[in-house]
Amino acid sequence: MYIPRILSLAALCLLPLVAAAEGREYRYSDAHLHYVDFFQETDGMQKLLEAMDAGGIDHVMISGIPVAKKWHENEPKRPRYYAGDDAPVYWYSATDVLVAAALEELDEEQRKRFHPFLSGFNPNDKNADAHIRRMLELHPGLWQGLGEIFTRHDDVTALTEGDTPRANNEALARVYHLAAEFDLPVMLHSNITSKRERNPLYLVELEEPLRNHPHTRFIWAHAGTSMELHRHQEKLTFLHETVSRLLDDYPNLYIDLSWTMLKPYLLDERGNADPAWVKLVERHPTRFVLGSDVVGRFGSLADGMAAFAPFLDALPEQVAHQVARDNFLSLLPRKRQDALR
């Protein structure tokens, strides 16, 4: 008969914690943003800056898109998205030129908010590391990471001209060595499984470079999930266990919690934080970053980052601020970190 009173007292004790969480204000680093879309078009730098200011976003990882969608000769209407028709996509190195040119428009203070990652190379080509080295020499001090590197990527993979890239191929092994040489983090898109298989079918392709390149920092884009995988499998039931083991085994792995991770993993249908993921982030408080994964259009940027607030509110306050902003900055080259202090 004392249970209701005990529960009431417990609820009262939790009220200050809930109120404190609701009173938090977050500043963000967007660790996964594409300045252009699959047609290499963009809303532009001014729109991006306005969206960042509106959303409390202090810093942005900014990259291009390493492929461009072809408007096929036989198609009377230009497709609106890479999956709009069966025309292929092809590797497009000029995407990095567009990012570099956009940053040149900014003054010095504005540029400090942007952290460009170089992405315009073919991950099947063993010349890729030589191309990256040339780009680093062409723009000294500009590039602060590599990626998003597309390997297994749903329909993008199916539409890409040439061989299917794998995260553990020889060409990328050369790239990972170069990344370690120049102290550059690598953002890697490598789906954890296929549309049909309910197991981590492709995990070996990620795990091999993690093991073989311990001095390279890897950011796993949305933990190997994707919208297309969720269309066929609403939730990857093995994901939490797999990510937990990988974080324990590989100190050079970091997880990008961009939008495909928000639901059904971090938040349930009612918008409540998942306790298992909360505990995992608490156990590895420096290993998670947030990303919008917007593609050339910035109208949804502020709302997209704010959508993580219910999950952040469930974390200890210091950890929440680390995940929201600081963890990404700690992944940048050490010279860049020193300049931000």
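These legends describe close-up views of one sheet in a predicted model.

**View 1. An open sheet of eight strands.** The strand order is 1-2-5-6-7-8-9-10, and the pairing is parallel. Strand 1 (28-34) and strand 10 (288-290) form the edges, each pairing on one side only. On average, neighbouring strands of this sheet are turned by 30° against each other, direction ignored.

**View 2. The edge at strand 1.** Strand 1 runs parallel to strand 2 (residues 57-63), and five bridges join them. Look for Tyr 28: Ile 57 of strand 2 stands opposite.

**View 3. Strand 5 and its partners.** Strand 2 pairs with strand 5 through four bridges, in the parallel sense. Here Ser 63 stands opposite Phe 117 of strand 5. Strand 5 also runs parallel to strand 6 (residues 145-150), joined by two bridges. In that pair, Leu 118 faces Leu 146 of strand 6 as its opposite residue.

**View 4. Strand 5, buried on both faces.** Side chains in a regular strand alternate between the two faces of the sheet. Phe 114, Pro 116 and Leu 118 lie on one side of strand 5, His 115 and Phe 117 on the other, and all are buried. Five of the five residues of strand 5 are buried, so the strand is largely enclosed by the rest of the structure.

**View 5. The link from strand 5 to strand 6.** Strand 5, helix 5 (residues 128-138) and strand 6 make a β-α-β unit. The unit is right-handed.

**View 6. Helix 15 across the sheet.** Helix 15 (residues 317-331) lies across six strands, namely strands 1, 2, 5, 8, 9 and 10. Its direction is at about 110° to strand 10.

Methods: Residues numbered from 1 in each chain as written. Predicted model: local features only at pLDDT ≥ 70, side-chain atom pairs only at ≥ 80, totals over all residues. Heavy atoms only, no water. Pairing = 2+ DSSP bridges. Axes fitted to C-alpha atoms, helices over the stretch in contact; angles between N-to-C directions. Contact = heavy atoms within 4.5 Å. Buried < 20%, exposed > 50% of the residue type's maximum accessible area, 1.4 Å probe, protein only. Right-handed = clockwise from strand over helix to strand, strands pointing away.
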